[in-house]
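Let's take a few labels people attach to a fold and ask what earns them.

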Amino acid sequence: MKPKIRFLEESLIEEIISEAYAILCELGIEIHNEEILKMLADHGADIRLDNMRATFTEDIINQALTSAPSSFKLYDVFGQEAVDLSDGPVNFTPGSAAINLLDDSRAEIRKPDTADYIRFSRLMNHMENIASTSTAFIPADVEAKISDSYRLYLSLKYCTKPVVTGAFTIDAFEVMKDLQVAVRGSAEDLALKPLTVFSCCPTSPLKWSDVTSQNLVDCANFKIPVEYIAMPLAGFMAPVTLVGTLVQHTAETLSGLVISQLTNPGTPVLYGGSPAIFDMRYETTPMGAVETMMIDCAYNEIGKYLDLPTQAYIGLSDAKLLDAQAGLETGLGIFLATMSGISQVSGPGMLDFESCFSLEKLVLDNQIISMSSRLMKGIEPKDDFPIVPRMEELLRDKHLLISSHTMQYLDLEHLMPSEVIDRANRMRYREEGSRTLGQRARQQIEEFLRTEQENTIPDEVSQELTALMKKEAKQHGMDKLPDLH
């Protein structure tokens with residue numbers, strides 16, 4: 001039996017969805033994009049251009065739910081299947097768009113640069129439990145207007161995995177699409193084998209900006225998958241109750257689904273988000289709060305009820321260092337997410353309210369995920385019955401260390417984490433230098449990077465990526481890109 005966790009009765013899920021319909025069909029939603037409002041009007045929505053508001057009909061929402069695929073897959077830079085986003089597996093990807101990098105050896109944060117990003121991308125090739133990479137943090141040594149496309153460019157050059165990304169401007173989409181087409185060979189092949197997921201964020205409460213709504217349309221036109229990242233803040237920009245926040249989250253997410261599916265039916269999507277409670281004492285949005293994680297797991301149940309693959313920002317921490325709080329919040333989140341069956345979990349490596357990335361934490365989180373995966377395999381008999389012969393063997397030999405039963409099932413039954421997890425006795429711990437968690441993680445990072453197999457995408461593709469990026473940089477005043485080490 002595999003462990004599962006649930007927070008909502010089916011009747012409550014249906015009531016939450018019904019209330020979300022009422023919001024969209026009675027109050028409507030702001031969409032600061034005139035062309036999208038006109039498109040919605042063509043499908044029967046009541047729109048007002050004076051306040052940029054659209055009021056939906058139930059038919060529009062139902063139409064969007066009917067046309068949205070219940071699953072899809074992502075493919076790596078070589079076109080091999082890498083991520084199955086269906087009702088089955090739980091997949092992980094690093095958190096995204098941090099502005100700081102933790103220098104764990106000095107317990108300080110700093111602005112990351114291109115060299116940091118390349119190290120991260122190369123390291124991601126070794127994170128066997130994290131199926132896709134992300135545009136995890138923002139290098140500060142390039143012009144801000146190209147930071148979105150530049151992160152995707154480096155990811156495609158130095159990591160083979162699919163990429164979770166996004167754009168903070170409308171203009172950035174075009175070159176980010178072109179980079180993907182360069183890898184796949186054509187827009188048609190990109191639609192058949194998606195390489196990225198774009199995060200698209202409504203603004204709570206009940207609003208889509210010109211940029212994010214246009215991102216939805218642009219992605220839909222090329223069948224590029226999107227994840228809706230609604231961020232209602234319980235007690236601040238959403239009702240203080242978890243159920244009330246879930247209703248608002250549902251309405252904001254369904255509004256994005258309507259825009260995507262009416263633009264291009266069948267566009268692959270993730271029913272996602274990054275909601276949180278609001279800690280009024282510190283005016284912060286704790287991602288490590290247990291209530292935040294409960295909201296994540298609960299809206300995952302709503303998404304699954306609507307027959308959609310899901311996503312959540314969970315398994316990250318608000319701690320400032322790689323400390324006990326980081327382990328507590330990350331471990332709790334990852335295990336809750338795994339037992340809830342969230343299709344795509346965004347979070348590994350992230351600290352400090354999604355603003356700081358840590359390579360050491362990424363390596364630790366990779367191990368926590370392996371433990372959660374072992375947990376999900378559950379407990380089942382493996383030649384355990386009848387047990388008397390095995391006990392006779394134990395009593396006769398005084399141990400089962402070299403028993404054939406042990407040899408056959410050891411690797412299946414016992415997870416052996418990497419040396420990042422300290423399982424040595426104290427004598428051996430001292431003999432090996434009494435290393436801290438951060439020191440063990442840094443040693444593993446350096447070992448991985450020394451054995452790195454370079455990305456083997458064809459040279460002509462790599463050159464085309466660089467040519468596209470240089471052209472984009474020049475348009476924004478950069479005559480030269482940073483050296484790639």
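What follows is a short round of questions on one sheet and two pockets.

This is a predicted model, where local features need pLDDT of at least 70, side-chain atom pairs count only at pLDDT 80 or more, and totals for chains, interfaces and linings use all residues. Residues are numbered from 1 along each chain as its sequence is written, and side-chain values use heavy atoms, with hydrogens and water left out.

Q: What makes β7 and β20 a pair?
A: Two strands (DSSP runs of E, at least two residues, numbered from the N terminus) pair if DSSP finds at least two bridges between them. Two bridges join β7 (residues 100–103) to β20 (residues 356–357), so the rule is met, and the strands run parallel. N100, for one, has C356 as its bridge partner in β20.

Q: Why are β8 and β19 called edge strands?
A: In the open sheet, the order is β8-β7-β20-β19, with mixed pairing. β8 (108–110) and β19 (350–351) each pair on one side only.

Q: What makes the largest pocket a pocket, and what lines it?
A: On a 1 Å grid over the protein atoms alone, a pocket is an open set with protein on both sides within 12 Å along at least five of seven lines, and lining residues have an atom within 4 Å of a point. The volume, the space filled by probe spheres set on the points, is about 530 Å³. Among the 24 lining residues, G88, P89, V90, T338 and M376 are closest to the centre. α12 gives the most, four residues.

Note on methods:
1 Å grid on protein atoms, 1.4 Å probe; cavity = no way out; pocket = protein on both sides within 12 Å on 5 of 7 lines; lining within 4 Å.
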